[in-house]
Amino acid sequence: MILEDAFRATEAGQLTAALDEAGIACARLRSPAEFAAHPQLAARDRWREVATPGGPVRALLPPVIMAGSQPVMGAVPALGQHTAAIRAELGFPPH
């Protein structure tokens, strides 16, 4: 509450600039729409198109990628698509 009261009158851009200048890590809280539209995600090529039963969607790559490997960004399965195989693997009857 003390920090909120101290910074309430300061514009967000001014505050982040001052914190950056002081070497204090900070970030502005963004809405989901602002996050999705962030230019760094596009600049760093973090988006991939993934197939879903309802059509293609944009999906973010995992935050950590190991050198020499590519993350698996496969299609999202339909509801129940793998149920029979999973039940069989666990030794349950098909239905």
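The legends below accompany close-up views of a predicted model of one protein chain.

**Figure 1. Overall layout of the protein chain, with five helices and two strands.**
Read from the N terminus, the elements of the predicted chain follow the order α-α-α-α-β-β-α. The radius of gyration is 22 Å, well over the 12 Å that the globule rule gives for 95 residues, so the protein chain is more spread out than a compact globule. Along the principal axes, the C-alpha atoms of the protein chain fill a box of roughly 65 × 35 × 25 Å. Of the contacts in the protein chain between residues at least 6 apart in sequence, 19% join residues at least 24 apart.

**Figure 2. Surface and charge of the protein chain.**
Buried residues account for 7% of the 95 residues in the protein chain. About 8,000 Å² of the protein chain is exposed, and carbon and sulfur atoms supply 63% of that area. Among the side chains of the protein chain, 8 are positive and 9 are negative, and the centres of these two sets lie 8 Å apart.

**Figure 3. The hairpin of strands S1 and S2.**
Strand S1 covers residues 47-50 and strand S2 covers residues 57-60; the two run antiparallel and are joined by four bridges. Two of the facing pairs can be followed by name in this view: Glu49 has Arg58 of S2 as its bridge partner, while Arg48 stands opposite Ala59 in S2. In a regular strand, side chains alternate between the two faces of the sheet. Six residues lie between the strands of the hairpin, where Gly55 takes a positive phi near 120°.

**Figure 4. Pro53 in the loop between S1 and S2.**
Pro53 has a relative accessibility of 58% and therefore counts as exposed, the cut-off being over 50%. When its neighbours within four places in sequence are left aside, Pro53 is in contact with Val76, Pro77 and Ala78. Pro63 offers a second reference point for this view, since the C-alpha atoms of Pro53 and Pro63 are 25 Å apart in space, although the two residues are 10 apart in sequence.

**Figure 5. From helix H4 into strand S1, by way of Ala43 and Asp45.**
Helix H4 spans residues 39-43 and includes Ala43, which is exposed because its relative accessible area of 62% is over the 50% cut-off. Between the C-alpha atoms of Ala43 and Met1, which are 42 residues apart along the chain, the separation is 36 Å. Asp45 lies in the loop that runs between helix H4 and S1, and its backbone has a positive phi of about 55° although Asp45 is not a glycine. Most residues other than glycine have a negative phi. With a relative accessibility of 47%, Asp45 counts as partly exposed.

**Figure 6. Pro62 in the loop between S2 and helix H5.**
Helix H5, which spans residues 83-89, lies at the other end of the loop from S2. Pro62 counts as partly exposed, because its relative accessibility of 30% falls between the 20% and 50% cut-offs. Beyond its neighbours within four places in sequence, Pro62 is in contact with Arg46, Pro71 and Met73. One of these partners, Met73, is 11 residues from Pro62 along the chain, and the C-alpha atoms of the two are separated by 9.3 Å.

Key
Residues are numbered from 1 along each chain as its sequence is written. This is a predicted model: local features need pLDDT of at least 70, side-chain atom pairs count only at pLDDT 80 or more; totals for chains, interfaces and linings use all residues. Side-chain values use heavy atoms; hydrogens and water are left out. Buried means under 20% relative accessible area, exposed over 50%, partly exposed in between (1.4 Å probe, protein chains only). Contact means heavy atoms within 4.5 Å. The radius of gyration is taken over C-alpha atoms; the globule rule is 2.2 Å times the number of residues to the power 0.38. Accessible areas come from the Shrake-Rupley method with a 1.4 Å probe; for residues, only the protein chains shown count as cover. Lys and Arg count as positive and Asp and Glu as negative; His and the chain ends are not counted. The place of a charge is taken as NZ of Lys, CZ of Arg, CG of Asp or CD of Glu. Two strands pair if DSSP finds at least two bridges between them.
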